[in-house]
Amino acid sequence: MASTDTTPKASAKNDDLAGLEAGLDALDAVQTHRASLREVFTQKVLPPLLAVGLVLIVWQVLVAAEVTDETKLPAPSAVWDSLSGMWLKGTLVEVIWTSVSRGLLGFLLALAIGTPLGLLVARVKFVRAAIGPILQGLQSLPSVAWVPPAVLWFGLDDAMMYTVILLGAVPSIANGLVSGIDQIPPLFLRAGRTLGATGLSGARHVVMPAALPGYLAGLKQGWAFSWRSLMAAEIIASSPDLGLGLGQLLENGRNNIDLPGVFLAILLILVVGIAIDLLIFSPVERWVLRTRGLLVKS
């Protein structure tokens, strides 16, 4: 009688184990998926294009309905004429490259400073207690506040531009890395020390790979701060000696009461920011997700 009572329980237990094994096998069978060009276009490129098209349609409808005066809201065709005029003069690419080259170089300098600073703050308690609150405060400080002192320090030259970029971007990169390191499971760090990964070796082989998602978020935010800091510096400290960048283009449009030129500068600043994210940060983010098994085929 006892054996008959235990048989259903044993059978149910075996069924549960079989179900668990099947679930684990299914998880193991999940394959990472590299999106095709068609999928990238339909999922990443097409939606923003449709959104831009919708904005242009609404914009044109508002102008056609004369909701406001053209001196306050120019027609898309007027902005297009400004774009075509700059292209025919051969100044469009030069203006964009002036700002993009400054922004990328400033971001790389901020990366070289912010990464070791973030490691130092995250791993040394005294440094964290001393510098951590300052980094948080600097991150919340508007970048435009650094333009007047930078002009007084360096004058109207590229050193002033890069100073503003660094003061805006370094805190974001360092804080992003600190946040990523704080989220590392302690077991990973203990395992690394057990295997002899200490000091710079531990930072390279354990800490940085484990903190990569938070670090990448800090890099994206650092680029946003770099770009915004540069635009603020170019708008406020415009000078012929600095060359014509997108910020100067925006300020020149305001000074000349050229509203189509102002809208063109705003759109170009927006397009460059989106392009950098799509061409640099989005592929890196997908690579991180793919290598960690998080970018899977549904």
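**Helix 12, a buried serine and the core**

Trainee: How do you know that the length of helix 12 (residues 259-291) agrees with its number of residues?

Mentor: The expected span is 1.5 Å times one less than the number of residues. For the 33 residues of helix 12 that gives 48 Å, and the end C-alpha atoms lie 47 Å apart, so the two agree. Helices here are DSSP runs of H or I with at least four residues, numbered from the N terminus. This is a predicted model, in which local features need pLDDT of at least 70, side-chain atom pairs count only at pLDDT 80 or more, and totals for chains, interfaces and linings use all residues. Residues are numbered from 1 along each chain as its sequence is written, and side-chain values use heavy atoms, leaving out hydrogens and water.

Trainee: Where is the kink in helix 12?

Mentor: At Phe-281, shortly before the proline Pro-283, with a bend of about 35°. The bend is the angle between axes fitted to the seven residues ending at a residue and the seven starting there.

Trainee: Why is Ser-226 called buried?

Mentor: Buried means under 20% relative accessible area, exposed over 50%, partly exposed in between (1.4 Å probe, protein chains only). Ser-226 has 0%, so Ser-226 counts as buried. Ser-226 sits in helix 10 (residues 212-236).

Trainee: Is Ile-257 buried or exposed, and why?

Mentor: Exposed, because its relative accessibility is 78%. Ile-257 lies in the loop between helix 11 (246-255) and helix 12. Its phi is near 50°, a positive value in a residue other than glycine.

Note on methods: Helix = DSSP H or I, 4+ residues; strand = E, 2+ residues; numbered from the N terminus.
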